[in-house]
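This tour proceeds by selection: each stop names what to highlight in the viewer and then describes what is found there. Please open the structure and follow the stops in order.

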Amino acid sequence: MNYTYLLTRSIQACKTNPEYIYSPLKKISPGDLPKNKKLLKEGFACEVRCQNVYLTTGYAGSKNGSRDRATELAVMLLQKSVEVKVVQRKFKNTTHDDLVLCESGTSPEFPPALKQLDDFIAAMKECVPGQPNSDPQQGPSSAKHWTNFVLTENASDAIGILNNSASFNKMTIEYKYILMPNRQWRCRVYLQDHFLAEGYGTKKTSKHAAADEALKILQKTQSNAGATKTVQVQKVGNAGRDPGKKKDLKDLVVYENSMNPVCTLNDTAQFNKMTVEYVFERMTGMRWKCKVMLENELIAEAIGVKKIVKHVAAEEAVKVLKKTQPTVVNNLKKGTIEDVISRNEICGRSAEEALKQQIKEDNIGNQILRKMGWTGGGLGKSGEGIREPIAVKEQFKREGLGLDVERGSKIAKKDIEQIIQNYAFSDSKIDLTFSTELTNDERRQIHQIAQKYGLKSKSHGQGRDRYLVVSRKRRKEDLLDQLKQDGQVGHYELIMPQDK
C-alpha cells in the first residue's frame with residue numbers, strides 16, 4: 001500500500017496539503033535519535049505536519065524512505081481515536097509549545113522538532129479567526145479593510161474560494177449561525193467583521209448559500225474597482241534556444257500523439273523545436289482569458305473558468321494549425337498492437353542463434369578431444385556422458401556464482417541484445433514492439449540496450465497492459481520525406497491539410 005499517496009489524497013480532500021520537513025541524521029544529536037533502531041549515518045528524518053499540527057516522524061536511509069515511513073505511521077495513527085494536544089517539544093537546546101496529534105488518553109514522548117517551533121506557532125495564529133498577525137511589519141489582520149480583499153480561484157466551490165482567499169490575504173472570514181423560529185438556519189458571512197451576505201436552509205446548505213452570495217458581491221466589487229490585471233504565463237518547448245532566433249511557422253508540422261489538445265500542442269512545440277506559451281489574464285470575477293502563443297505569435301484564445309480555459313484555447317489552436325499545416329499522427333495508441341515480439345519468440349530467436357553457433361570441427365577443444373579418441377556423441381568410454389557443451393549462465397543481479405535458481409522462462413540479456421542489435425544494423429523502418437508479457441526488469445534491460453545502440457525506447461500502458469516500443473531516432477525532415485513518399489512509416493501517418 002502506498003501510504004504517502006493515501007495520506008496526501010485524504011488530507012487534500014479536506015482542502016489542504018500535508019507538510020514534509022526533512023533533516024539529515026548527522027545534524028540531529030545522537031541522544032535525540034530512537035535507541036531501538038539501527039540508523040545509517042547518512043540517512044534522513046522526515047516530520048509530517050498538517051494545518052500546523054505535528055503527526056509523526058519517520059527515519060530511513062533516504063528522503064523518500066523517511067517520508068514513506070512517516071506517512072505509514074501517520075495513517076496507522078489516524079485510524080485510531082485521536083486528539084490534539086499542546087505539549088513541550090525540543091528543538092536543539094530549547095523547548096517550545098507545539099500542537100501534536102496523539103491517541104486519545106495517552107501521553108507519549110515525542111521526538112525533537114526538525115524545524116523552529118516558533119514558526120509553527122506564528123503560522124497557527126494567522127490561521128485562527130480573530131487572532132492578530134504576529135508579523136510586526138504587516139500589522140494586525142483587523143487593520144486591513146475588507147475592500148482590499150483579493151479573490152484567488154484555487155477551489156471548486158464558494159466556501160473553498162473564500163477560505164483560501166482569506167488565508168492568501170491574511171484576513172478573517174467568519175460564518176455565524178442563528179436558528180430561526182421556522183426551524184430554518186440563517187448563516188451570515190463576515191469579512192474583517194464586515195457583514196457581506198446571508199443564506200437560509202439547513203445548517204449545511206445555509207452556509208453554501210451565504211458563501212455563494214458573498215462571492216458574487218466580492219466579484220462585483222472587484223470588477224467595479226478596476227484593479228490591475230493578473231497575468232500568468234506558462235512556457236513549454238525549446239527553452240534552451242537563443243530567444244533572438246525566431247522560427248517561421250510556415251515550416252511547422254503538427255505532431256498528434258494524444259487526444260488531449262494541450263498534449264498535442266506541447267508535443268508539436270518539442271517536435272519542431274519551438275516554444276508555446278499559455279498567457280492567462282484575469283477578466284472579471286472567476287473568468288479568465290487564455291492566449292496560445294507559438295513563437296510569440298497569437299494562434300488562438302478562449303475565455304472561461306481558469307480550470308478549463310487552457311484546454312478550450314488549446315483545442316481551438318490545434319484546429320487552426322491543422323487547417324494550414326501538415327499533421328504527423330502517431331497511431332501507436334490506437335487499436336490493437338500487431339507484430340508484437342512475444343517471450344517465446346525471443347527465446348526462439350535465441351535458440352536459432354545457438355544452433356548457428358554450434359562447435360565446429362576447427363574448434364581447438366573439438367580437435368583436442370578427437371586426438372584423445374572422441375568421435376562425437378557423449379563423453380566417456382561408452383558415450384554415457386554429456387553430449388552438449390556446458391552452457392554459460394550469466395548473473396545479472398547480486399546472486400552468487402554457486403546459486404542455482406530455477407529461472408523458468410526468464411529471458412537472458414543476450415537474447416534481447418541480439419534482437420535489438422539486428423534491428424539497429426538493419427534498414428527496417430518498422431518499430432520493434434515487445435509484448436506485455438515482459439517484466440519490469442526485462443523492460444529496463446531493453447531500455448538500456450536500446451540506448452547502447454542509439455535507439456529510442458518508450459513504455460506505454462499501465463499495469464499488465466504495459467508494453468515497450470523500440471524505434472529509430474528520426475529527424476523531423478527525414479521522417480517527413482519518408483512519409484511523403486510512402487504515406488505511412490511504421491505507426492506514423494502523414495495527413496496533409498487538403499486531405500481533411
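Begin by selecting strand β14 (residues 327-330) together with β20, which pair in the antiparallel sense over four bridges. The model shown is a predicted one. Within this pairing, highlight V328 and its bridge partner in β20, L494.

Next, keep β20 (residues 492-495) in view and colour its two faces separately. Which residues lie on the covered face of β20, and which on the uncovered one? Y492 and L494 make up the covered face, while E493 and I495 make up the uncovered face. In a regular strand, side chains alternate between the two faces of the sheet.

Now select Y492, which belongs to strand β20. Y492 has a relative accessible area of 7%, and because the limit for a buried residue is under 20%, Y492 counts as buried. Add L480 to the selection: L480 and Y492 are twelve residues apart in sequence, and their C-alpha atoms are 9.9 Å apart in space.

The next stop is the largest nonpolar core, which holds 23 residues. Select L252, L265, Y278, V292, L294 and L321, the members that touch the most others. Then display the elements that each supply at least two residues of this core: α6 (261-271), β11 (275-282), β12 (287-294), β13 (297-305) and α7 (306-324). Of the contributors to this core, α7 gives the most, with six residues.

Centre the view on V292. Leaving aside residues up to four places away in sequence, V292 touches several residues, including L265, V276, Y278, L298, I299, A313 and A317. For contrast, a second, separate core of 21 residues may be selected through A158, I173, V189 and L215, which are among its members.

Return to Y278 and add K310, which lies over the face of the Y278 ring, 4.5 Å from the ring centre. A further stop shows R472, whose charged end sits over the ring of Y423 at 4.4 Å from the centre.

Finally, turn to the aromatic pairs, of which there are five. One of them is formed by Y177 and W185: it is edge-to-face, with 6.4 Å centre to centre and 85° between the planes. Are these two residues buried or partly exposed? Y177 is partly exposed, with a relative accessible area of 29%, and W185 is also partly exposed, at 25% relative accessibility.

Notes
Residues numbered from 1 in each chain as written. Predicted model: local features only at pLDDT ≥ 70, side-chain atom pairs only at ≥ 80, totals over all residues. Heavy atoms only, no water. Core = buried A, V, L, I, M, F, W, Y, C linked by side-chain atoms within 4.5 Å. Buried < 20%, exposed > 50% of the residue type's maximum accessible area, 1.4 Å probe, protein only. Contact = heavy atoms within 4.5 Å. Phe/Tyr/Trp six-rings, centres within 6.5 Å; stacked < 30°, edge-to-face > 60°. Lys NZ or Arg CZ within 6 Å of the ring centre and 35° of its normal. Pairing = 2+ DSSP bridges.
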